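Let's take a walk through this structure together, one feature at a time. Have the sequence and the 3D view open side by side as you read.

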Amino acid sequence: MKHVIRYVIGFVVSVALTLAAYFFVTGAYFAGSVLIAVIAVLALIQFFVQMFCFLHLDEDEQPRWKLAVFISMGVTLIIVVFGSIWIMNNLNYHMMPPGEMDAKMMEEKDKGF
Amino acid sequence: MLGQLTLEAFQKGLIEMGAQIGLVVGGLVVVGLLFYFKKWKWLWKTWITSLDPKKIGIMYLILAAFMLLRGLADVLMMRAQQAMSSGDATGILSSDHFQQVFSAHGTIMIFFVAMGVIFALFNLIVPSQIGARDVAFPFMNSVSFWLFFVGVALINLPLIVGEFSAAGWLAYPPLSGLEYSPGVGVDYWIWALQIAGIGSLLSGINFLVTIFKMRAPGMRMMKMPIFVWSVLGSVSLIIFAFPILTATLGMLSLDRLIGTHFFTSDFGGNPMMYVNLIWAWGHPEVYILILPAFGIFSEIVATFSGKRLFGYKSMVAAILAITFLSFTVWLHHFFTMGAGANVNAFFGIMTAVIAVPTGVKVFNWLFTMYRGRVRLTTPMLWFLGFVVTFTLGGVAGVLMSVPAIDFQVHNTLFLVAHFHTMIIGGVLFGFFAGLTYWFPKFAGFRLNERLGRYAFWCWLIGFLTAFVPLYALGLMGAVRRMDHYSSELGWQQLFIVAGVGVAIICLGVFFQLLQLVVSIIQRKKNMVGADPWDGRTLEWAMSTPPKEYNFAVLPTVTERDAFWEMKQKKQLPSRNYEDVHVPKNSGIGVMVGMSALAAGFGIIWHIWWLALIGFIAVLVLLIVRLTSDDTERVIPRAEVERLENMKAGAA
Amino acid sequence: MNTQEVAKVNNKYQLGFWVYLMTDCLLFGSLFATYAVLRGATYGGPTEADIFEMPFVLAETLILLTSTFVCGLGLVAAKAGKQTWTIILFGLTMLLGIAFLAMELSEFSKLIGEGFSWQRSAFLSAFFVLVGTHGAHILAGLIWVVVMLVRVTQRGLTPNNLRRLSLFALFWHFLDVIWIFIFTVVYLMGVAK
């Protein structure tokens, strides 16, 4: 029965977070990197809500292998995904053909670097 | 109807035709012998449909041994080519053939020899070392093996029909894209690895759950044998790294099949992303291979020094550190691809750091030997050979961790010498040590010691003779993967020396094969009981050869080195027999494999109906098996008692 | 098997399946990383703002959320031994899942019809494959739930069937978790100004 409560809470909160993120974007309530940060945070909150309410992350008997594997996965994922993005940005910048570099520098100049 | 498959695909050049005919004839001979000796039923019942990990482990070994011979044949061709091809001479291989040979060599050695050997050992040793009867998911274990078999098949089929990839063992785009590799070679490579890779991933999950959930009562994590810890590190890497390979190979195959633009040089594609992702998998892969070898040495050094392993806790910490750090160094494989200094510096530092826990392990092994009663058996010789070679290769690696130095030696023979030192000196020597060590447990007799020593010395001397010249050549600027070097460089003599080294290694292999044959012939003279080395861990508590269920009564553990404790306390095995549940045999594993083979072959040759049928067959077979409720059989108590009371060796 | 043994077996399967889900996270992670790197590589073709229809995507998202909620309720019913409710709720899960997939397929075929297939640019390749891989997982889940509906009708709520339903629910929930990130990273961040 406590599971039913969890599912209901999880569902309602997830819908609310989804709608919030949607309306922030389509209604242009924030701008630029602030907007990105807001919807990222909303996504992360919904992620953890669903992990607890739907995927029962906390309901593991000792030893907590599910939690251990989940955390290991999270750490690895962050390293691989954000590491790759960092590396590829760096490579794209350094390996850009000269013609494109001019356009890129103009773009950076307009942004005020 | 048959996609791109035509009769032309069977036509081969002279050397290739030798391999083609050899493989077909060899296959027919094996099939013929099976008919002649009427062994099909035995093969099906005892081996092919078995879900016993001990049987599955031996099947992995047989495939790995076969692939080792194939990989060595590739080596002989490459060394011959580079030794002969200088100045006006062009050697024996065309450029295209040479490129296929080195691509096949690397792919085979890493994916099918090294991975095959470690999965063999996981299956043979892990369940009994933790005092269990089986792995967590025996059917999935069988599927993993048959998917591995499919990989072996798809790597060898190019010898018969079509061609192999000429894009190296990692097939970088754009070379591996459709524009520059329009033939089926790269597709063979992709699907062999994709299918075998899924098998590896499933095995990773299987052994992780086995280690977490199926240890004998009382065996807490810090009481596990170090080999099991090293397997835990290895499978942790497998489960997080192999999905990256699956995704990357998937994207490359989509570029080739349906015209996506992930890694093309136009339409916005980025080949550098492939290099990034493939090495995000590739670096953990090499630690997947070496960690179990470290584990084997831990068992062997402790046993043959008559002492418990020095620094158990720091060994565990080192394994965990290496496991984590494996995911933080991958860019060192492409320092020269053009990233800026801060990126290169970060990964260079992490690469230097990962050498530290390895050093801790080497010191712990040496401290274990200190003041022990050391027996210099063949396994210990392999260990000492490992210390020498792995240290040499390791410092070469630390040298290359400095990006500025790496810029000088990247993709030279210095790099080639480094990684071969790691894999041969580390993984292969470790495996040979383990093979000699554990062989008597399963066979009931020891391998011939003298021939074992001859093999070891040939391997060690041969290895050094083959690869020290390559370190020198690399420092002098010799680029890798070249089928011809200018005679003005004056390098030909060093290549000849390297060729001689390989010949000595082949002599070592010959001694190993001879050792196996002689040992079998002389087995009655060399019979041993269940504990030939005065071992410390639970696998030695099983009978020899082991029963299907390993232990009639699952042991209760109180200390590390559980078997040693039992011997010290003079504990007799319990006779409280009960009914034992074991998995029923199942033919679904091999059928899934054959369906996957059909699907893979169909995709490679664009025979779409075959691909579809194969894929659907896999799905249907899995649904049937996974919704089945009748998968176990019972060995009744009386039968267990009867088996336990039989004389050793009579089972 | 007694209840203790059943629990032990279930535990093993739960952990094993959980570990598989963790590996799937890395698979999707690789595709997300690729999407992040290639999302700007439009090669003169359409950008995110040109092709994403946000109300449609919101509807898809809410449908999938409802589907995962109903699935959870279905599992509660199954554990309580209520066979009819189990079939109804998992059947509803399936229908909502089919609706989701149908919407996604219509989005894809519209784009292809306009000439904006995966062949047009690296951005579109990354989009189709990331979202498409999620869709393929949904399809696998739909096949699974159909088989389960058949098995539960045939054999009732046996311990084995309960275990399989429980694992299916894990899978289905996991797919909604992945969708949170697709919705946010691909669609929302794609049109955010």
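Start with B:Trp47, where B:Lys55 lies over the face of the ring, 5.4 Å from the ring centre. Bear in mind as you look that this is a predicted model. A second charge of this kind can be found at B:Tyr312: the charged end of B:Arg560 sits over that ring, at 3.6 Å from its centre.

From charges over rings we can move to rings beside rings. Counting over all chains, the structure holds 84 aromatic pairs. One to look up is B:Tyr60 with B:Phe119, a tilted pair whose centres are 5.8 Å apart and whose planes make an angle of 40 degrees. B:Tyr60 belongs to helix α3 (residues 53-84) of chain B and B:Phe119 to helix α4 (residues 95-129) of chain B, so the pair ties together parts that lie 59 residues apart in sequence. Both B:Tyr60 and B:Phe119 are buried. Chain C offers another arrangement: the ring centres of C:Phe127 and C:Phe128 are 5.6 Å apart with their planes at 75 degrees, and because planes over 60 degrees apart count as edge-to-face, this pair is edge-to-face. C:Phe127 and C:Phe128 are buried as well.

C:Phe127 also leads us to the nonpolar interior. The largest nonpolar core has 309 residues, and those touching the most other members are B:Trp365, B:Trp605, C:Phe52, C:Phe127 and C:Tyr187. Which helix gives this core its largest share? That is helix α8 (residues 271-305) of chain B, with 22 residues. Chain A takes part too, as domain 1 (1-59) and domain 2 (62-113) of that chain each supply at least three residues. As background, nonpolar side chains tend to be buried together in soluble globular proteins.

It is worth zooming in on B:Trp605. Leaving aside residues up to four places away in sequence, B:Trp605 touches a set of residues that includes B:Leu2, B:Leu5, B:Ala9, B:Val161, B:Val184 and B:Tyr188. There is also a second, separate core of eight residues, among them B:Ala552, B:Tyr577, B:Val580 and B:Val582.

Next, follow helix α13 (residues 413-443) of chain B, which has a kink of about 35 degrees at B:Tyr437, shortly before the proline B:Pro440. This helix is mostly covered, with 27 of its 31 residues buried. Just after α13(B) comes B:Gly444, which takes a positive phi of about 90 degrees.

A little further along you meet B:Glu449, placed in helix α14 (residues 449-475) of chain B. Is B:Glu449 buried or exposed? Its relative accessibility is 24%, and because buried means under 20% and exposed over 50%, B:Glu449 counts as partly exposed. Apart from residues up to four places away in sequence, B:Glu449 touches B:Thr377 and B:Thr378. B:Thr210 is 239 residues from B:Glu449 along the chain, and the C-alpha atoms of the two are separated by 34 Å.

Finally, step back to see chain C as a whole. Chain C has six helices and zero strands, and its C-alpha atoms fill a box of roughly 65 × 30 × 25 Å along the principal axes. Of the 193 residues of chain C, 63% count as buried. Its contacts reach along the sequence: among those between residues at least 6 apart, 81% join residues at least 24 apart.

Technical notes:
Residues numbered from 1 in each chain as written. Chains lettered and ligands numbered in written order. Predicted model: local features only at pLDDT ≥ 70, side-chain atom pairs only at ≥ 80, totals over all residues. Heavy atoms only, no water. Phe/Tyr/Trp six-rings, centres within 6.5 Å; stacked < 30°, edge-to-face > 60°. Helix = DSSP H or I, 4+ residues; strand = E, 2+ residues; numbered from the N terminus. Buried < 20%, exposed > 50% of the residue type's maximum accessible area, 1.4 Å probe, protein only. Lys NZ or Arg CZ within 6 Å of the ring centre and 35° of its normal. Core = buried A, V, L, I, M, F, W, Y, C linked by side-chain atoms within 4.5 Å. Domains from an automatic or database assignment. Contact = heavy atoms within 4.5 Å. Bend = angle between axes of the 7 residues up to and from the residue.
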